[in-house]
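Here is a short briefing to read alongside the structure. Have the viewer open, and follow the topics in order.

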Amino acid sequence: MMVVPTALPVTKSMNAQIKLRQAIELMQDGQVAPAVDLLNRLVAGGELDAKGRAAAYVWLAESRDDGAFKIRCLEQALKHDPNNQQIRQGLQQLMAAPPSPRPAAGPALRRAELEEMPAVVGILGGLNGPASGVFINVDGMIATTSYAIGGASRATVMLDAKRHVPGAVVRRFPTHDLALIKTALRQAEKPTVAPPSTIAEGTAVVALGYGGAKLRGLLGRFNSRKTQHWLRTSIPPVQMPDAGGNPLVDENGQLLALLTRNVDGAGKALALLMSHIISLAAQLGRDRRLIPESEYCAACGGRARARLYGGGRCETCGAALGGDVGASAVSPQTDKLAALFGENAARPCPRCGARVGDYDGRCLRCGQAVTVNASAGS
């Protein structure tokens with residue numbers, strides 16, 4: 001009796017390898033868009049082995065002429081295949097190449113009226129490289145990503161190749177990946193922002209990058225209360241042309257959201273609703289009018305009031321303000337500082353007497369165990 005061999009089942013890993021070969025063939029045939037789409041889906045999934053994921057990132061690097069993008073792709077490839085000398089040499093050559101010459105900064109515009117607001121501006125001076133940004137009101141406030149700015153307190157805003165203006169970072173919201181930069185510019189009109197109620201799942205969008213980069217994708221909206229200010233996109237962060245801050249617009253040119261470095265469960269970039277960003281900026285404006293002496297803390301991104309009462313550290317994160325602790329000319333007002341830092345909000349520590357409270361049974365000031373004698377009153 002002849003035994004007929006049965007075909008081996010195609011595993012997920014084998015199927016992924018087949019798709020990888022298809023993507024490479026598409027790229028070699030000049031069909032870049034479908035190849036990139038397939039490669040992005042492969043690197044976002046978990047079906048390729050380490051060497052396969054490295055190969056996918058290498059071919060993604062070939063999809064654009066942007067040197068910074070190629071470097072990010074090859075860095076990802078090297079993480080998955082660290083012994084691959086070809087990838088390492090390619091990365092070293094890219095990093096050794098001279099950067100693209102930047103146009104000389106034009107005269108700073110201190111007080112300028114812009115009849116037509118740029119759709120997207122460039123941001124330089126942050127700790128994580130160049131980024132994009134967008135004006136969000138007529139008073140010269142610009143939104144970009146907290147990731148791009150890092151601990152910097154100032155940035156240069158590039159309106160175009162010849163016009164560069166100084167900007168001061170006035171607030172960061174790290175959990176939102178949002179930074180707000182104030183400039184001396186004034187715009188003729190407010191940006192056209194789409195109401196959240198009109199934004200539908202499946203909307204075609206374009207993320208604009210300074211310098212002309214455009215990323216196309218689709219939207220999907222989170223419905224949970226905790227994520228009501230976020231929009232899903234189909235854009236992988238590896239495709240972003242810079243450190244984020246790309247305004248997301250619909251086919252009518254309305255501002256929908258700001259593309260960030262935060263990702264959803266599928267590894268796709270999340271965008272923060274523009275209406276929420278404008279609301280946060282408006283609240284910041286009210287706070288600054290009520291307490292004009294508050295200052296920006298570059299460490300945590302908040303607004304600190306400690307100097308009003310002679311303090312030298314941020315009441316939110318404890319970082320030194322203005323470089324030197326105790327640099328304030330105001331004599332310390334112990335009672336007001338204690339209230340500001342929450343030192344009267346808890347029972348006194350039996351060891352050191354501080355009222356800062358305790359965590360996990362230990363005083364937040366001295367670190368000693370805080371014990372409460374349950375039978376003390378008996």
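## A helix and a barrel

In this predicted model, helix α7 has a run of buried residues: Met 274, His 276, Ile 277, Leu 280, Ala 281 and Leu 284. Those residues cover an arc of only 160° around the axis, which puts them on the same side of α7. On the other side of α7, you will find Arg 289 and Leu 290 exposed.

**Helix α7**

- Helix α7 takes in residues 274–290, and at 1.5 Å a residue its 17 residues should span 24 Å; the end C-alpha atoms are 25 Å apart, which agrees.
- The helix lies across β3, β4, β6 and β7, and α7 runs at about 55° to β7.

**The barrel**

- Follow the strands round in the order β2-β3-β4-β7-β6-β5, and you will see six strands close into a barrel with antiparallel pairing.
- From one strand to the next, the twist averages 40°.
- Strand β5 (residues 154–158) runs antiparallel to β6, and five bridges join the two.
- To find this pairing in the viewer, look for Ala 155, whose bridge partner in β6 is Gly 167.

**Strand β7 and its neighbours**

- How enclosed is strand β7 (residues 178–182) by the rest of the structure? Four of its five residues are buried, so β7 is largely enclosed.
- Strand β4 (residues 141–144) pairs with β7 in the antiparallel sense, over four bridges.
- Within that pairing, Met 141 has Lys 182 of β7 as its bridge partner.
- Strand β6 (residues 164–173) also pairs with β7 in the antiparallel sense, here over five bridges.
- In this second pairing, Arg 172 has Ala 179 of β7 as its bridge partner.
- The hairpin of β6 and β7 has four residues between the strands, and Asp 177 takes a positive phi near 55° there.

**The loop before β4**

- Asn 137 sits in the loop that links β3 (131–135) and β4.
- Which backbone nitrogen lies 3.1 Å from a polar atom of the Asn 137 side chain? That nitrogen belongs to Met 141, the residue whose bridge partner in β7 is Lys 182.
- A polar atom of the Asn 137 side chain also lies 3.5 Å from the backbone nitrogen of Gly 140.

Conventions
Residues numbered from 1 in each chain as written. Predicted model: local features only at pLDDT ≥ 70, side-chain atom pairs only at ≥ 80, totals over all residues. Heavy atoms only, no water. Expected span 1.5 Å × (residues − 1). Buried < 20%, exposed > 50% of the residue type's maximum accessible area, 1.4 Å probe, protein only. Arc of directions from axis to C-beta. Pairing = 2+ DSSP bridges. Polar contact = N/O pair within 3.5 Å; in protein donor to acceptor, adjacent residues only side chain to side chain. Axes fitted to C-alpha atoms, helices over the stretch in contact; angles between N-to-C directions. Contact = heavy atoms within 4.5 Å.
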